[in-house]
Every structure is written in structure tokens, then in C-alpha cells.
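Work through these exercises with the model open beside you. Each task is followed by a solution in steps.

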Amino acid sequence: MTKVVEILKSKPTRYWVEAVALTLLGVAVGHYVSSHNMWLEARYWLYGLMEKTNWRQPDVQHTFVVTVDDDDYWKGDFNRRTPIRRDLLAHLIAQLADAQAKVVAVDFDLRSPVPDGKPRETPAYQKETDELLEAIKKACSAHHALILPATIGYGVANSYVLQSDIYSDAQILSNYFSTGYIALPPDARVVPLELTLAGPKSLDSFALAAVRAYKPDVIERINNLNIFPYGGYLQPSDFPHLGATKILAMDKTALEDQVGGKLVFIGSTWHKLSWNTGPLNDSHLTPVGPIPGVFVHANYAEAILGKNYYQPPHELFAYSLEILVLLSMAILFAVKMNAWKKLVVVVVASSLFIVVGYVLLQNLGVYFDFLIPLVFLLFHVSADKILDWRRAALANSPEKD
């Protein structure tokens, strides 16, 4: 302690004011970067790296994905049409229900032509929409759960309100039918849960609604978290999946072996411009790279079901850790040392952030986003060095008359 006091006294007050100011600035800017979802690509990379080193390696146990891929969309019966052919969705739902899929979640935009539902559906598509609704009712009556996407918009004072979908007045009165919002969060690592609507009432996310229908007891565990957790990520290739045309052509026994008792997501994986050309129709940047939205929802569902998610640390803990390390750096730099020793100190401090983040993830299931503290640790070191050079230059400059 005496040594620390001596170090504190060895530097002028100005040094410590600058150190505290730089530390608080770094923490404030770090908070701004996090809250505005900046530098996401770099943060995704670090997040993915942390996950790869996690001993709790997940695997897909509950979900199956049916994809409308390039062959289905550009060469097959889907006829590259927007909106997606509802009669073919109806056939898929009927086929999956017949093969004893427990839950079918349809990840396609089913909004009405206008938000107020007048009209609810374009007359040219009404017949196939009726076929889709009939397939949904029949599947629900046979105790197979159906999840459809709910369209949300902005109401008074930027509140969230439900807008019309093609099924809005269909009166699907069944405990086996539910909806969820498919809009994904700006930060794809965050597992979306409930959204508060004007009313007030709440709406499940698409993945949460699917899990609630599949294993309702799991939702209690998530609700007890009272936060939006960070979810683990798997590659699309890790999920069992088949194209829509193949599903429609399979016999009941073969298909039941694939989807029986499972939570099945249906979504798009085709490319926008033409067969295998251009970006994906529904692509989202994630810690495992750009992947189709249907696999993002499947990832969220698997994260919830397999408890493959991490709590973010309490803000007070995160800020305290950042300030502690940065101020410790200021104290260490107050000790006279050469450039190489200072470099070692920087490396050790940076390693401390990484080790703390790794230990929290591995042992407590807490994810600490250490990229921002690392960046501002380096900023603090650089700024302090620049100020040192400035003071030295001023001290050596000839006095002016």
C-alpha cells in the first residue's frame, strides 16, 4: 500500500485527472457503441471465437428446417412468386402434420396488402389463402401446433401495434394456434423474447411462440431470467433440413422418421436475383456469418430449449471491471519503466479482460463483451503516451520572450 501511495504522489494531479477523464470517456463511449450496435462484425467474430472454445458445445435435438431453396423457388412449383404460394404452404403443413410433426412454424411474410386489413387479402390470391387457412385449421384440430408470423407496426407515441395479416379474421379458435413477431433484433446474438404492445399486452417472438407450443414448461425458465439473453449459434449445416419439393414427394413413413415429434420451421433460402445468384432472399449477419432468417429462428429455439444461452453481466459489474482495469493501468504507467515493460503491461491487462470473459462464460454462463474495453484500454494507453510526448515537447521548448 505504501508503494502505491508513493506512485500516486510521484505524478502531478493533472496526470490523475487525465487518467480518470480518459477512463470515464472510454467507458461512456463503450456504452454508446454497445447500445447503438456498432462494430457488430468484430464483436460477432469474438463472440463466435468464445463459443468455439466453450466446453458446452450444443447440438440440434429438437428442430427440423424445411427450406424453399433455389431449386424449389426458381425451378420448381413455387414459380419465383411473391407472395409465396399459399397453396403449396398448405400442402407442406398437411404433409408435416400427417407425419406427426409436433409444431410447424411458418417463417413467411403473411401481411395483408394494407395495414388495416381492408382488403385482408388480394382477390387473386384468396382461393389459395383459403386453402392455407383450411390446412392450418385441420392440423390444429388434430393437435399439431401452428405458429404464424404476426405483423407489427407503430402506433401512437411509437408504441407497437398489430397490423392485419391474411389470417386475421379467419377465426382460428384453437389452443394449438399462435403467432409471434419475426422481426429480428439489431444484434443477432440477443434472443428475442416478449414484445410489449399498445394496450398494454405482450407478443411472443416467433421462436418463443414456437418453443411455448413445443415445450411450455421451458418458458418458465426463460421468464425467470427477466432479460434478453445471448444465444449460442450453430451453422445451418448443423440442422437437419430438406427442401420443400423433397418434403412434398416423401412418403409418410420416411417423413415421420425425419420430423415426427419435432419443432419444424419452414422458410426461404433462395437467392434474390436468380438461381444461386445474388444475395440470399432473407439473409442476416450473425456470429457464424450471413445465414437465412429461418435458421436464425431455429437457432433461437434451440438456444432456449437446450439452455444454450448466456446472461449478460450486470451493467454495474461490467463498468466496475472496465474502470478498475483502466485505472490500474494508469497506476502502473505512473511507475517509471521503458517502452518494452509498458508493452508487457498492456498485453497483461488485455489478457486479463479475455481471461475474465472466458471464465465467466465457461463457469457462470455469463457473456462479457470485452472488445470495447480492450479498444479503450489501447486508446487510454495511446492517449497517455501522446500527452507524455506533448509535455516533454513543451518542457524542452525554448522560452518565448
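Start with a charged pair: arginine 86 is buried, and glutamate 121 is buried too. The model is predicted.

**Exercise 1. Salt bridges**

Task: Find what joins the side chains of arginine 86 and glutamate 121, and place both residues along the chain.

Solution.
- Step 1. Look at the side chains: arginine 86 and glutamate 121 meet in a salt bridge, with 2.4 Å from N to O.
- Step 2. Place them. Arginine 86 belongs to helix α5 (residues 86-98), and glutamate 121 sits in the loop between β2 (103-106) and α6 (126-141). The two are 35 residues apart, so the pair links distant parts of the chain.
- Step 3. Apply the cut-off. A side-chain nitrogen of Lys or Arg must lie within 4 Å of a carboxyl oxygen of Asp or Glu. By this rule there are eight salt bridges.
- Step 4. Check two other pairs. Arginine 85 and aspartate 87 form a salt bridge at 2.6 Å, N to O. Aspartate 187 pairs with arginine 189, where the closest N and O atoms are 2.7 Å apart.
- Step 5. Judge burial. Aspartate 87 has a relative accessible area of 12%, so this residue is buried. Aspartate 187 and arginine 189 are buried as well.
- Step 6. Look for shared partners. Glu194, Asp204 and Arg212 are joined into one network by such salt bridges.

**Exercise 2. A helix pair**

Task: Describe how α2 and helix α12 pack.

Solution.
- Step 1. Choose the descriptors. Two packed helices are described by the angle between their axes and the distance between the axes.
- Step 2. Read them off. α2 and α12 (residues 315-334) pack at about 150 degrees, with axes 10 Å apart.
- Step 3. Give the hand. The crossing of α2 and α12 is right-handed.
- Step 4. List contacts. Residues of α2 in the contact include Trp16, Val20, Leu24 and Val27. In α12, the residues they meet include Tyr319, Ile323, Leu327 and Phe333.

**Exercise 3. Buried or exposed?**

Task: Classify valine 346 and methionine 38 as buried, partly exposed or exposed.

Solution.
- Step 1. Recall the limits: buried is under 20% relative accessible area, exposed is over 50%, and partly exposed lies in between.
- Step 2. Take valine 346, in helix α13 (residues 339-364). Its relative accessible area is 10%, so valine 346 is buried.
- Step 3. Check the neighbours of valine 346. Leaving out residues up to four places away in sequence, valine 346 touches Met329, Phe333, Leu377, Leu378 and Val381.
- Step 4. Take methionine 38, in the loop between α2 (13-35) and α3 (40-52). Its relative accessibility is 32%, so methionine 38 counts as partly exposed.
- Step 5. See its surroundings. Methionine 38 forms a nonpolar surface patch with Tyr32, Trp39 and Val375, with about 350 Å² of accessible area together.

**Exercise 4. Backbone checks**

Task: Which peptide bonds, leading to proline 83 and proline 119, are cis or trans, and where do glutamine 100 and asparagine 158 stand in phi?

Solution.
- Step 1. Threonine 82 to proline 83 is cis, with omega near 5 degrees. Proline 83 lies in the loop between α4 (70-75) and α5.
- Step 2. Lysine 118 to proline 119 is cis too, with omega about 10 degrees. Proline 119 lies in the loop between β2 and α6.
- Step 3. Glutamine 100 has a positive phi, near 70 degrees. Glutamine 100 is in the loop between α5 and β2.
- Step 4. Asparagine 158 also has a positive phi, near 60 degrees. At 60% relative accessible area, asparagine 158 is exposed.

Terms used
Residues are numbered from 1 along each chain as its sequence is written. This is a predicted model: local features need pLDDT of at least 70, side-chain atom pairs count only at pLDDT 80 or more; totals for chains, interfaces and linings use all residues. Side-chain values use heavy atoms; hydrogens and water are left out. Patches are made of residues with over 30% relative accessible area and no salt bridge: like charges are joined within 9 Å, nonpolar side chains (Val, Leu, Ile, Met, Phe, Trp, Tyr) within 5 Å. Accessible areas come from the Shrake-Rupley method with a 1.4 Å probe; for residues, only the protein chains shown count as cover. Helices (H or I, at least four residues) and strands (E, at least two) are DSSP runs, numbered from the N terminus. Buried means under 20% relative accessible area, exposed over 50%, partly exposed in between (1.4 Å probe, protein chains only). Axes are lines fitted to C-alpha atoms, for helices over the stretch in contact, and angles run from 0 to 180 degrees between N-to-C directions. A crossing is left-handed if the near helix is turned anticlockwise from the far one by less than a right angle, and right-handed if clockwise. Contact means heavy atoms within 4.5 Å.
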